[in-house]
Amino acid sequence: MKHVCSRWGVLILIALRSGTHRFSELRRKMDGVSEKMLAQSLHALVEDGFVVRVQYPVVPPFVEYSLTDAGEEVAAKVADLADWIEVNTPEVITRRAELAEQEA
């Protein structure tokens, strides 16, 4: 759960819903992630069985990442939650501001 719900884990799962991607493609899609953090997050998701890593024996190294069946399932759920958060964030911000005004 920690890896699926992490900031970068969520973004990786959502990005891979559109298909197989190379490391560099994922890095471009996720503005702000360091190479180290992306590698660590991908490694954790591979170990958890949500992502498949395929390395081709060529120079320079060519590695692709895609979702497993379990990854597809969890990515759909994570995407639904991310969509809900995006739609409802303004309302949450408004409620926080109203509460802050009442407490002041």
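## Close-up views of a predicted model

**View 1. A nonpolar patch on the surface is formed by Val-52, Val-54, Tyr-56 and Val-58.** Welcome to the first stop in this predicted model. Together, the four residues of the patch offer about 280 Å² of accessible area. One of them, Tyr-56, belongs to strand β2, which covers residues 51–56. Is Tyr-56 buried or exposed? The answer lies in between: with a relative accessible area of 33%, Tyr-56 is partly exposed.

**View 2. Here helix α1 packs with helix α3.** Helix α1 spans residues 7–16, and helix α3 spans residues 35–47. Their axes lie 10 Å apart and meet at an angle of about 70°. Angles of 65 to 115 degrees count as roughly perpendicular, so α1 is roughly perpendicular to α3. Which residues make the contact? From α1 come Trp-8, Gly-9, Ile-12 and Leu-13, while α3 brings Met-37, Leu-38, Ser-41, Leu-42 and Leu-45.

**View 3. Take a closer look at Ser-41, a residue of helix α3.** The relative accessible area of Ser-41 is 10%. Buried means under 20%, so Ser-41 is buried. Which residues does Ser-41 touch, leaving aside its neighbours within four places in sequence? Ser-41 is then in contact with Trp-8 and Ile-12, and both of these belong to the α1 side of the helix contact shown in View 2.

**View 4. This view takes in Ser-41 together with Lys-77.** Along the sequence, the two are 36 residues apart. In space, 18 Å separates Ser-41 from Lys-77, C-alpha to C-alpha.

Definitions and conventions:
Residues are numbered from 1 along each chain as its sequence is written. This is a predicted model: local features need pLDDT of at least 70, side-chain atom pairs count only at pLDDT 80 or more; totals for chains, interfaces and linings use all residues. Side-chain values use heavy atoms; hydrogens and water are left out. Patches are made of residues with over 30% relative accessible area and no salt bridge: like charges are joined within 9 Å, nonpolar side chains (Val, Leu, Ile, Met, Phe, Trp, Tyr) within 5 Å. Accessible areas come from the Shrake-Rupley method with a 1.4 Å probe; for residues, only the protein chains shown count as cover. A salt bridge is a side-chain nitrogen of Lys or Arg within 4 Å of a carboxyl oxygen of Asp or Glu. Helices (H or I, at least four residues) and strands (E, at least two) are DSSP runs, numbered from the N terminus. Buried means under 20% relative accessible area, exposed over 50%, partly exposed in between (1.4 Å probe, protein chains only). Axes are lines fitted to C-alpha atoms, for helices over the stretch in contact, and angles run from 0 to 180 degrees between N-to-C directions. Angles under 35 degrees count as roughly parallel, over 145 as roughly antiparallel, 65 to 115 as roughly perpendicular and the rest as oblique. Contact means heavy atoms within 4.5 Å.
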